[in-house]
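Q: Please take a close look at one part of this model: its packing, and the backbone spots that go with it. Keep it brisk, and define the terms as you go.

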Amino acid sequence: MFTDAHCHLSFPEFDNDRAEVIDRMRKSNVSLLIDPGIDIDTSRRSIELSRAHDFIYSTVGLHPHETRHDVSDETFGALEKLADSPEVVGIGEIGLDYHYEPVFAETQQRAFREMLRLAAALDLPAVIHSRDAWDDTLKILKEEKTSNLRGIMHCFSGDIALAEECIRLGFSISVPGTVTYRKSSLPDVVQAIDIEHLLTETDAPYLSPVPFRGKRNEPANVCIVTEHIAGIKGIAVEAAAVRISENTRRIFGLDD
Ligand SMILES: [Zn+2]
Ligand SMILES: [Zn+2]
C-alpha cells in the first residue's frame, strides 16, 4: 500500500543486496516503486529492473549533473529510443541543479528543454529535479508549456507559494525523508497542500529519514515519510498511503 515514487534501486549501491532490499520493502508493504534513470546507462538498468518486477516502473532521463560532459544528439536519440520501452512510464529525472560549482547552466537548460519536449511528444509525465534553480526551472516550464505538460517535482524543497505555483503548472509535490528533519519547512508545505497533490519518495540511496540519517536509504523507509504526512494531515496512515498510491497511479498512468 505504500509508494516510493522516486528510488534509485538500480544504482550500484544496491548491487550487493538488492534482493534483500526488495524483500524488506515488500515486508513493509511498499507495493509500488518508480526507479528513475539519470543517464543512458542507469536508464537502461532501470528498465531491466522494472522488467524483472511488476511492482517497479521505470523512467528514463538525463540528470542535470550528467550534462557536464557535453550533451550530444546521440545521447538524446538513445534516451528517446529507451523511452519507447513498455516499462517506461515517465521522463526523468531531468531538471536544473545549480548547487555545485562550476554550474553548467546553459548545457543543463538545453538538456532540460530537450527532455521536456520528449515528454510532451510521448505524452509522458516529467520527473523534475530542481535544486537552487527555481527561477530558471519555472521560467523554462512556462516557456515549454504544452497542454500535456505534467509530472512531479521530486524531492521538493521549496515553500508553500512555490508548491502552489508548481501545482498550477501541472506538477505534484513529492515529499522525501527530509520532512522528518527538525529544520525542514516541508511540514508546512504538506499541511497547506491538498493530499491529492502529494507523493512520497525516498530518493534512496540518498536522504535517509530520521532515525537513519547518514546511512544508506532504502525503499522500506518510505513508510516513515508516509507516517509523517499522515500525522501532519491528522489522518490514518493507511488512508494517507492509499491516497498517495492513487495519486501516483493517476500521474504515471498505471493500471490498478
Ligand atoms: Zn534528484
Ligand atoms: Zn533521484
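A: The answer starts with the ground rules, then takes helices, core, backbone and loops in turn.

This is a predicted model: local features need pLDDT of at least 70, side-chain atom pairs count only at pLDDT 80 or more, and totals for chains, interfaces and linings use all residues. Residues are numbered from 1 along each chain as its sequence is written, while chains are lettered from A and ligands numbered from 1 in the order in which they are written.

Take the helix pair to begin. Helices are DSSP runs of H or I with at least four residues, strands are runs of E with at least two, and both are numbered from the N terminus. Helix α2 covers residues 40–52 and helix α3 covers residues 73–82. Their axes come within 10 Å and cross at roughly 10°. An axis here is a line fitted to C-alpha atoms, for helices over the stretch in contact, and the angle runs from 0 to 180 degrees between N-to-C directions. The crossing therefore makes α2 roughly parallel to α3. That label applies under 35 degrees; over 145 is roughly antiparallel, 65 to 115 roughly perpendicular, and the rest oblique.

Which residues make the contact between α2 and α3? From α2 come Ile40, Ser43, Arg44 and Ile47. From α3 come Thr75, Ala78, Leu79 and Leu82. Contact means C-beta atoms, placed from the backbone, within 7 Å. By class, the set holds 5 nonpolar, 2 polar and 1 charged. Nonpolar means Ala, Val, Leu, Ile, Met, Phe, Trp, Tyr, Cys or Pro; charged means Asp, Glu, Lys or Arg; the others, Gly among them, are polar.

Glutamate 74 also sits in α3. This glutamate 74 is exposed, with 9 other C-beta atoms within 10 Å. A residue is exposed with 12 or fewer other C-beta atoms within 10 Å of its own, buried with 20 or more, and partly exposed in between; the C-beta atoms are placed from the backbone. Glutamate 74 lies 42 Å from valine 210, C-alpha to C-alpha, with their positions 136 residues apart in sequence.

Now the core. In soluble globular proteins, nonpolar side chains tend to be buried together. The largest nonpolar core has 67 residues. Such a core is a set of buried Ala, Val, Leu, Ile, Met, Phe, Trp, Tyr and Cys residues joined through C-beta atoms within 7 Å. Ile91, Met115, Ile173 and Val175 have the most contacts inside this core. Setting aside residues up to four places away in sequence, Ile91 touches ten neighbours' worth of chain, among them Thr59, Val60, Ala83, Met115, Leu118 and Val127.

Next to it in sequence comes a backbone oddity. Glycine 92 and glutamate 93 are joined by a cis peptide bond, with omega about 15°. Glutamate 93 belongs to strand β4, residues 88–97. Another cis bond runs from glutamate 101 to proline 102, with omega near -10°. Proline 102 lies in the loop between β4 and α4 (105–122).

Two residues that are not glycine take a positive phi. Aspartate 132 does so at about 50°, in the loop between β5 (126–131) and α5 (134–143). This aspartate 132 is partly exposed, with 14 other C-beta atoms within 10 Å. Cysteine 155 has a phi of about 50° and lies in the loop between β6 (151–153) and α6 (160–168). Cysteine 155 is buried, with 21 other C-beta atoms within 10 Å.

Proline 219 is in the loop between β8 (198–200) and α8 (222–233). It counts as buried, with 27 C-beta neighbours inside 10 Å. Beyond four places in sequence, its contacts include Asp4, Cys7, Leu9, Val21 and Thr202.

Finish with α9, residues 237–252. Its 16 residues should span 22 Å at 1.5 Å a residue, and the end C-alpha atoms are 22 Å apart, which agrees. The expected span is 1.5 Å times one less than the number of residues. Buried residues of α9 include Ala240, Ile244, Ile251 and Phe252. Just after α9, glycine 253 takes a positive phi of about 65°.

How values were computed:
Two residues are in contact if their C-beta atoms, placed from the backbone, lie within 7 Å.
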